[in-house]
Amino acid sequence: MSMHVHVRVNHGLAVTEDGDLVEEYRCGCGATWTNVHRADEGQPEF
Ligand SMILES: [Zn+2]
């Protein structure tokens, strides 16, 4: 099997119930990655 270089294609954005922003990336081979941006990072508000 030849070496495969993944190509990350942005597959969309989603927001969880907690308000976190989740980016999803997919390669044509089926591999997926997620990039989570925590909404509660930074200044906590209570
Ligand atoms: Zn791939």
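Q: Which residue in the turn between β2 and β3 has a positive phi, and of about how many degrees?
A: This is a predicted model. In it, β2 and β3 make a hairpin, with 5 residues between the two strands. One residue of that turn has a positive phi: Gly30, at about 110 degrees.

Q: How many bridges join β2 and β3, and in which sense do they pair?
A: Strand β3 covers residues 32-37. Its pairing with β2 is antiparallel. The number of bridges is 6.

Q: Which residues of β3 stand opposite Leu21 and Glu24?
A: Glu24 faces Thr34 in β3. Leu21 is matched with a residue of β3 too. For Glu24 the name is Thr34; for Leu21 it is His37.

Q: Which residue in the turn between β1 and β2 has a positive phi?
A: β1 and β2 also form a hairpin. Here 5 residues lie between the strands. A phi of about 90 degrees belongs to Gly19.

Q: How many bridges join β1 to β2?
A: β1 spans residues 9-15, and β2 spans residues 21-26. The two run antiparallel. They are joined by 6 bridges.

Q: What is the bridge partner of Asn10 in β2?
A: β1 holds residues 9-15, and β2 holds residues 21-26. Across this pairing, the partner of Asn10 is Tyr25.

Q: What is the order of the strands in the sheet?
A: The chain has 3 strands and 0 helices. Along the sequence the pattern reads β-β-β. The strands form an open sheet with antiparallel pairing, in the order β1-β2-β3.

Q: Why is one side of β1 and of β3 left without a neighbour, and what is the average twist from one strand to the next?
A: β1 and β3 stand at the edges of the sheet. Each has a single partner strand, so one side of each lacks a neighbour in the sheet. From one strand to the next, the twist averages 20 degrees.

Q: What percentage of the residues count as buried?
A: A residue needs 20 or more other C-beta atoms within 10 Å to count as buried. The chain has 46 residues. The buried share is 0%.

Q: Is Val7 buried or exposed?
A: Val7 sits in the segment before β1. It has 11 other C-beta atoms within 10 Å. The cut-off for this class is 12 or fewer, so Val7 is exposed.

Q: Which residues does Val7 touch, not counting those up to four places away in sequence?
A: Val7 and Tyr25 are 18 residues apart along the chain, with their C-alpha atoms separated by 8.9 Å. Outside that sequence window, Val7 touches Cys27 and Gly28.

Q: How does His6 count by its C-beta neighbours?
A: His6 also belongs to the segment before β1. Inside 10 Å there are 13 C-beta neighbours. That number lies between the cut-offs of 12 and 20, so His6 is partly exposed.

Q: Which residues does His6 touch, not counting those up to four places away in sequence?
A: His6 and Thr32 are 26 residues apart in sequence. Their C-alpha atoms are 9.6 Å apart. The residues that His6 touches are Cys27, Cys29 and Ala31.

Q: What percentage of contacts join residues at least 24 apart?
A: The count takes contacts in the chain between residues at least 6 apart in sequence. Of these, the share that joins residues at least 24 apart is 7%.

Q: Where is confidence highest?
A: The mean pLDDT of the chain is 88, and 85% of its residues reach 70 or more. Confidence is lowest in β3, at a mean of 94. The highest, at 96, is in β2.

How values were computed:
Residues are numbered from 1 along each chain as its sequence is written. This is a predicted model: local features need pLDDT of at least 70, side-chain atom pairs count only at pLDDT 80 or more; totals for chains, interfaces and linings use all residues. Helices (H or I, at least four residues) and strands (E, at least two) are DSSP runs, numbered from the N terminus. Two residues are in contact if their C-beta atoms, placed from the backbone, lie within 7 Å. Two strands pair if DSSP finds at least two bridges between them. Axes are lines fitted to C-alpha atoms, for helices over the stretch in contact, and angles run from 0 to 180 degrees between N-to-C directions. pLDDT is the predictor's confidence in each residue, from 0 to 100.
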